[in-house]
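This report concerns backbone geometry and surroundings at selected residues. Please keep the sequence and the model in view while reading.

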Amino acid sequence: MTLLERADEVSRIGALLSRARAGHGGVLLTLGAAGMGKTALLSATRDEAVRRGMLALWAGGGELEGDLAFGIVRQLFEPRLRAVPSGQRAELWDGAAGLARPVFGDTPVGEGSATMGAVVHGLYWLCANLADHGPLLLAVDDAHWADEASLRFLSHLARRVTDLPVLLVLATRLTAPGRANPVDRALSGVRPENLDLLPLSDVAVAELVRRRLSPAADDLFCRACALATGGNPFLLTEVLSGLRADGVRPVAAEAHRITGLTPATVSRSVLARLARHGPDAVRLGRAIAVLGPAASLAHVAELADLTPARAADRVDALAHEGLVAAGPAIEFPHPLVRTAVYMDMTETVRGVMHKRAARLLDAGGVPPERLVPHLLATAPEGDPWTSRVLRVAASGDLARGAPESAAACLERALAEPPPPALRGALLVEFGRALGMLNRPAEAADALQEALDLTVDLPHRVRLTIKLGMLMVMTGNGARAVQLFGQAHEAIAAAEPGTPMDVLVDISLGRLTAIEPAARWRPPLDVVASRLHGNTTDDRMAWALLAFGAAATADSPCSEVVRLATRAASGPLPPEPWVLVNLASAALTIADDLPSGFDLLDRGIEAARRCGDVAAFGYLSMLRSHTALYAGHLLDAEADAWAALRLARPETQDTPLAAAVLVEALLDRGDPSAAQRILVEQGIEGDQPLSMLIAHFVHVARGRLRLRQGRYRDALADLLPCGEALGAAGYVNPSFAQWRPPAALAHLALGETDDARRLAAEELELARAFQAPRSIALALRTTAAIEGGGPAIELLREAVTLLEGSPAELEHARALVDHGSALRRAGHRRDAQAPLRRGLDLATRCAAQALARRATEELITAGARPRRARLTGPQALTASELRIANMAAGDSTNRDIAEALFVTRRTVELHLSNTYRKLGVRSRRELRQALSQEPPARARIES
């Protein structure tokens, strides 16, 4: 087919290739009906890319490819990986790219599973490593048939491709109205260049007719061809092949032979042409249709029940007529030809042939995952072999970070059905895959069925615990508590001592479900004296005890620190995020902020090394919360943004990350931005307190509504949250700071008695726990209610408590409140010293609203503070400052990008802005600028 009609499209693609060569990548989405010439256009694009010195990688989707995990990804990258000399291959796997090795079988597939985020992250960096050697074209034909795992990567890449010298071209068919195209879902939020492939014009159709049939073809005949085919290049080509085979002359008198043609009649024409070559050719065509792309002659011959010689002869004949493309692999020249042949068989015949294909491929040593598309197309018949193969394939898919394919395999294996002895194990694995896909309700159903089939007590207990955690995720806390109780009763009644791993899992589940600590802590208290810390379970037990004591305030903060320190000692376990979560939170609640930061940094670094994006995001959210306690507001904001950017929208991580970002923006003095986050992330409406950590959302929203003057709304958030936590005994002010904003909301509404009651309760509990930060906050809240002379004494105590404390922002608030109270009492000169110190600390913390308030109070007290100017490091955004500090520490741009799960272009942009704001031109100057006293720190003149 000629590409003359595609001149405009080719020109647009050329411009995009030029941009990619210049380092500015993009996404091109080509849309067209079946047979509209997109494959030819992609071929021309590939040829043009090669002519321009680009590396062109190609993949094509197929009806069987959608069930092959990372099938499109493998087509794109495997040929290049094989072509690279082994000595240079290490370069391509450098850094985070190595996380993608399991996709290509480059590392052994073990029993564990790669996280979805880690594999996709690794594939992005593999692409970046390839692009370091020159610009790339990644072209995917028939992308609507791509498997889910590959679509996940393409979606990830499409959002970052502008930062690479890469042009990503996705060719897909138009879908019928009301039907979703998976490519549209993958590109949601991306703005690709769209290229709609239009039908061939009448002039182009006439040119092709005269080229294929006769230069003297009649105009009326050519017009009939255009009308019958709608200008579809593939249909036109097939019509002309059929007309030529039938000896039809292209004259006006024969035009009636064409007008009745439709895609259906063209399909019948293909089948007729195939049948003319005899029954052997029909069987051969069916075998090719079933085996799909890249079918070998040997396999085709065996499936068609032909000798290799006879099969080769028939392939040559069909290739001569253009019905098949023969090469190292045998396939049809167009997917529509394959569809015509495939659909000519009944569903039963297709299923039988797919089963035979799977068997013969298995006998030839083909890996189990390559058998999956065939087995999924068969009818269940109770064949144990089918269930075993699908289970092995699912295990490999999980290890490659492709739970979508694993779930499909396991669902089909369960439908076979498998032998009764295997069904329980398959249900457990099915539940695990569904859990990875964040489909907890379906995962819970699978685990419940597995539990009903399980007799072995230890296995039943572990399944009960897993089911309980899924109930927590689905918001069914009552059912979760019931399951955890059943698990504990069952194991306690059967054995003299509960296995430590089971005890830890039950306790963790009950804690997460907001079950009172008085119910889950006693069994841990019993074994506490026997713990040595030489196992992860021992350290997890210490972490649970530390967190329980911290959240309930049942022990003073010194005991919490002792337990949490023991939990955090030694190397982190392979999946450390739960231990780090509990122990770091306990340390933070107990005001040992440096140790909390240290443990979180260790956990985040472990997540970076293994590419665990979910753990990195979750621990970044926790680090942001700890930074709020410390008053490191720029760090809090940067960590919260990182967590929110990486959170999967459908998980609990999104509202949690949004909540800590709201608090960071509030403390920075930007309630408008905080409100935008609340709305954009969908957490302005009702949020159930379904798990313990969900109180972050309620407290953040309550604080924001207090700042907005929406006092009743603030109480509607804070009081139910406090009641739920209090009912379970989680009353420590350092754990959930809901009483101070609730007390201030009552005060603003004139409800002084309620305000005093909450403030007194807060102060009593805080003094019992002995953490200076929460005591100081309670004192400030009480001072705001009492006013006058009592307030001055309360605030003086708060300031004294926080001397030398790592909680700098709370110290700054106490100083500013103390200075303000002195000024209101007429002690203007005495007020200036605490106000100066408060302003200094507020500026250091980047608490702009507090700094403005301190400045105004100083002016009223008679001082003349200089206005703080946003220059130097103070002028940097939270993310700019974070990247600048990493760059000043000798990290390369790539190191920073990999560590923060961002692109190198993002790092370059932030550093460019930083250099401009700081007036520096090198990393040496950057280090000097960041090490100097911040110029924006206010200097006070009396």
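Helices (DSSP runs of H or I, at least four residues) and strands (DSSP runs of E, at least two) are numbered from the N terminus. The model is predicted: local features need pLDDT of at least 70, side-chain atom pairs count only at pLDDT 80 or more, and totals for chains, interfaces and linings use all residues. Residues are numbered from 1 along each chain as its sequence is written, and side-chain values use heavy atoms, with hydrogens and water left out.

Most residues other than glycine have a negative phi, and most peptide bonds are trans. The bond from E416 to P417, however, is cis, with omega near -10°. P417 belongs to the loop that links α20 (403-415) and α21 (420-436).

Positive phi values occur at F70, near 60°, and at D305, about 60°; neither F70 nor D305 is a glycine. The table places them and gives their relative accessible area. Buried means under 20%, exposed over 50%, and partly exposed in between, with a 1.4 Å probe and protein chains only.

| Residue | Loop between | Relative accessible area |
|---|---|---|
| F70 | β2 (55-60) and α3 (71-83) | 0%, buried |
| D305 | α14 (297-303) and α15 (308-320) | 54%, exposed |

Where does R80 lie? R80 is located in helix α3, and its relative accessibility of 33% makes it partly exposed. Beyond its neighbours within four places in sequence, R80 makes contact (heavy atoms within 4.5 Å) with L55, L57 and L130. Between the C-alpha atoms of R80 and L136 the separation is 12 Å, while the two residues are 56 residues apart along the chain.
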